[in-house]
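Hi,

Here is the structure I promised to pass on. Have a look at it first, and then read my notes underneath with the model open beside you.

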Amino acid sequence: MVNSDTVLLDVRHLQLSAMAYPPDAKPHKITIVDDVSFTLEKGQVLGLIGESGAGKSTIGLAAMAYGRGGVHISSGEVLLNGVDISDASRKELRRIRGLQVCYVSQSAAAGFNPAHRLIDQVVESTVLNRIASRKDAQARAIALFDTLGLPNPETIGNRYPHQVSGGQLQRVMTAMALCSEPDLIVFDEPTTALDVTTQIDVLAAIKRAIKKTGVAALYISHDLAVVAQVSDKIMVLRNGKTVEFDETRSIIEAPKEQYTRELVNVRGIEHEQKVPSDNPLLTIDGISAAYPGTDIHVLKHVSMQLSAGQTLAIVGESGSGKSTLARVITGLLPPKSGTINFDNQQLPPYLKKRSREELQQLQMIYQMADVAMNPRHTVGTIIGRPLTYYFKLRGKARRDRVAELLDSIEMGTGFTDRYPAELSGGQKQRVCIARALAAKPRLIICDEVTSALDPLVADGILKLLLDLQARENVAYLFITHDLATVKAIADSIAIMHQGKVVRYGTKSDVLKPPFDDYTELLLSSVPQMQAGWLDEAIARQ
Amino acid sequence: MFRNIPLSAIVGLVLTSLFLLAAIFAPWIAPHGLGETVGSVWEPSSAQYWLGTDNLGRDLLSRMIYGARTTIFIALMATALSFSLGTLLGLTAAVVGGWFDLLMSRFVDLLMSIPTLIFALVVLSVLPGNLVTLILVMGILDSTRVYRLARAVAVDINVMEYVEAARLRGEGRVWIVFREILPNALTPLIAELGLRFIFQVLFLSALSFLGLGIQPPDADWGGMVKENKDGIIFGIPAALIPAGAIALLAISVNLIADWILNRTTDLKGGRSGQ
């Protein structure tokens, strides 16, 4: 039995609903979260995990009796310190939010007012609610900045939001939540938008602050490895229902449900590394590039090679120049110097100078599938257009080939007349893959194709890409920041940092010690699916 | 898609269709001829002449119906011209960019800096006064507004990844303008279409009122206000009837345009359930 004195948050049979307004039908009620129950004791951390649409953020916000976009508590109770807050008045809610429960959002940049100094925003709710005088609150904030490992804790508060980095801003937001000494903090994907080496810093800072202040927390994420580092208990959610709820160690080491097992074993793709051939398909030689009108070189003397039918992974954090390299190869950004050879012929640097055959052999898949497809075209048009454009296929021949392509991406012909808005995230990315394949290319540039997807969906896409590679002998230039993905599919790896290739070779060579400093940092920052990994990693660094 | 139409849009749809029906079937509906003098000057409304007679003793209702035909026909033609011209040039300017965009945009700025009505008055008084000239002048002057809107919308769409994907495929400008960008720019443009049509009606009425639009004995609403305006001094409301018709048409088309605009925001998830 749970001791009622130590229970902070008691959620009983929570059901959350909203009205849906589809454009072509009558408004109707939809249930977003159904029959979710849990208790959270003081000082404990509960991790909520699930894919998009699982209802994890909605539950997190319900802990402060808030519903986004018309979501409301339709049945069940949310007891905070023994008081049901689901039907609290607006005045009571104002006392609860910011004093008893605080919220840390995914995008700190959107959460701060760009016109005010950080310190004023951090102490605002504390001062407004008369918990402490402005002077005391500022002293508190500075102590928190120190706990969270921010540089120059005394003065960093005088800066404006745009004057600090993304990882620092996320920590300032955590300080903001901690400043009024609440009982509970809701962390909503606080590290998802950060680079992997920044993520580990922020994660460590959050963990340290939780331990030091003794605050309880709901930690929401789609990444089980991250949640496992900070939580005492984990609740796995799917489609608004509880799948499994247990101690962190049990979830990671002995998951009971099939879905949880899949989440734990994500990225379990086995891939046999191929040996690079002597006659590479793509040779990038000494490429340097800068954006028009600037003289800052985003790429500095980059060289690499890719053999036919193989995968070259380009790994790096934001700002490393990996996407710029893709723009140079496609001809969207002509380089300042260096050459690109494709199939033993030099590619013209300008897109407009390239022949239709050169364009056809080199296709691209984007990160955001929903903006990479024209929302007013059907799937049939999206996949069919390259067939007409490159191969002059029309009528039945084109329809047959579209059906064949839909089949190869494991979707049926029933999708031909659908619009992108009617597809799920994974299906959209599959259609983009089919569009690239339709051109029968010899090289596909994949720019972060799985980073916007849920882990299990991303796994499906990676498996599909590997299958297609085996069947069509197409080479991939795979741009990503995710080392787990790289391990799963790459034959060769190029690690980029600040526009330079810092490490390059076959996968086994690159991932074999001794490492240079940056590769070491990158590799050790990838969250591992085991409890206690974070503490070990921090100790190592 | 026609479920859940708000009341205001239904009113707009009904009134606009009535105006359109009157315009299309004018010769069959109108009880009397266009220039036929049937009674004495400015007779009040009666069972025989529902809206009374005008300054020359012609049946006002018949002239209103023929007037609807002229007014709506010219406004539609001018709107069609201004839209095709403005959209085509606006989208092309956004896609081509560079000197073409610069040249077009500054030329449009130049046209827009001259008050439209004064510009039209000068041009129409120099050029031979016929229907084609009138529609051309109205259409071209109004296309500057459409150009600005189309270009602004297209500049946003032009940087989307699906347009980049089409460029990487090697597609030409015609495909990019008409197949990638136009379908996505259409909804704001259609909503604007209703408003532009109304501005054309008002513009034509103003020109006719000033004597440079439709020439008598042909009827259009602006011209009818002009013919009957002297009656107002004697308390005769004949001038108010065409004026009222202009206002009513403006309002009903606007109600439809509002509805289309609202539907667009719905599509983008603009409706909040808070």
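Ala313(A) sits opposite Phe478(A), a residue of strand 18 of chain A. This is a predicted model, by the way, so please keep that in mind as you read. The pair belongs to a longer match: strand 13 (residues 311-315) of chain A and strand 18 of chain A run parallel, joined by five bridges.

Strand 18 of chain A has another partner too. Strand 17 (residues 443-447) of chain A pairs with strand 18 of chain A, also in the parallel sense and over five bridges. If you want a spot to look at there, Leu443(A) has Ala475(A) as its bridge partner. To get from strand 17 of chain A to strand 18 of chain A, the chain goes through helix 17 (residues 455-472) of chain A, and this β-α-β crossover is right-handed.

So is strand 18 of chain A buried or exposed? Six of its six residues (475-480) are buried, so the rest of the structure largely encloses this strand. You can check that face by face: Ala475(A), Leu477(A) and Ile479(A) are buried on one side, and Tyr476(A), Phe478(A) and Thr480(A) are buried on the other.

Now move to strand 7 (residues 184-188) of chain A. Four of its five residues are buried, so strand 7 of chain A is largely enclosed as well. Strand 6 (residues 101-104) of chain A pairs with strand 7 of chain A in the parallel sense, over four bridges, and Tyr103(A) faces Val186(A) there. Strand 7 of chain A also runs parallel to strand 8 (residues 216-221) of chain A, with five bridges joining them; in this pairing Leu184(A) stands opposite Ala216(A). Together with helix 7 (residues 196-213) of chain A, strands 7 and 8 of chain A form a right-handed β-α-β unit.

Last stop: chain B. How do helix 1 (residues 7-24) and helix 3 (residues 60-96) of chain B pack? Their axes are 7 Å apart and the angle is about 100 degrees. Angles of 65 to 115 degrees count as roughly perpendicular, so helix 1 and helix 3 of chain B are roughly perpendicular to each other. From helix 1 of chain B come Phe19(B), Leu20(B), Ala22(B) and Ala23(B), which meet Ile65(B), Ala68(B), Arg69(B), Ile72(B) and Phe73(B) in helix 3 of chain B. Sorted by class, this contact has eight nonpolar residues, no polar ones and one charged one.

Cheers

Key: Residues numbered from 1 in each chain as written. Chains lettered and ligands numbered in written order. Predicted model: local features only at pLDDT ≥ 70, side-chain atom pairs only at ≥ 80, totals over all residues. Buried ≥ 20, exposed ≤ 12 C-beta atoms within 10 Å, placed from the backbone. Helix = DSSP H or I, 4+ residues; strand = E, 2+ residues; numbered from the N terminus. Pairing = 2+ DSSP bridges. Right-handed = clockwise from strand over helix to strand, strands pointing away. Axes fitted to C-alpha atoms, helices over the stretch in contact; angles between N-to-C directions. Parallel < 35°, antiparallel > 145°, perpendicular 65-115°, else oblique. Contact = placed C-beta atoms within 7 Å. Nonpolar A, V, L, I, M, F, W, Y, C, P; charged D, E, K, R; others polar.
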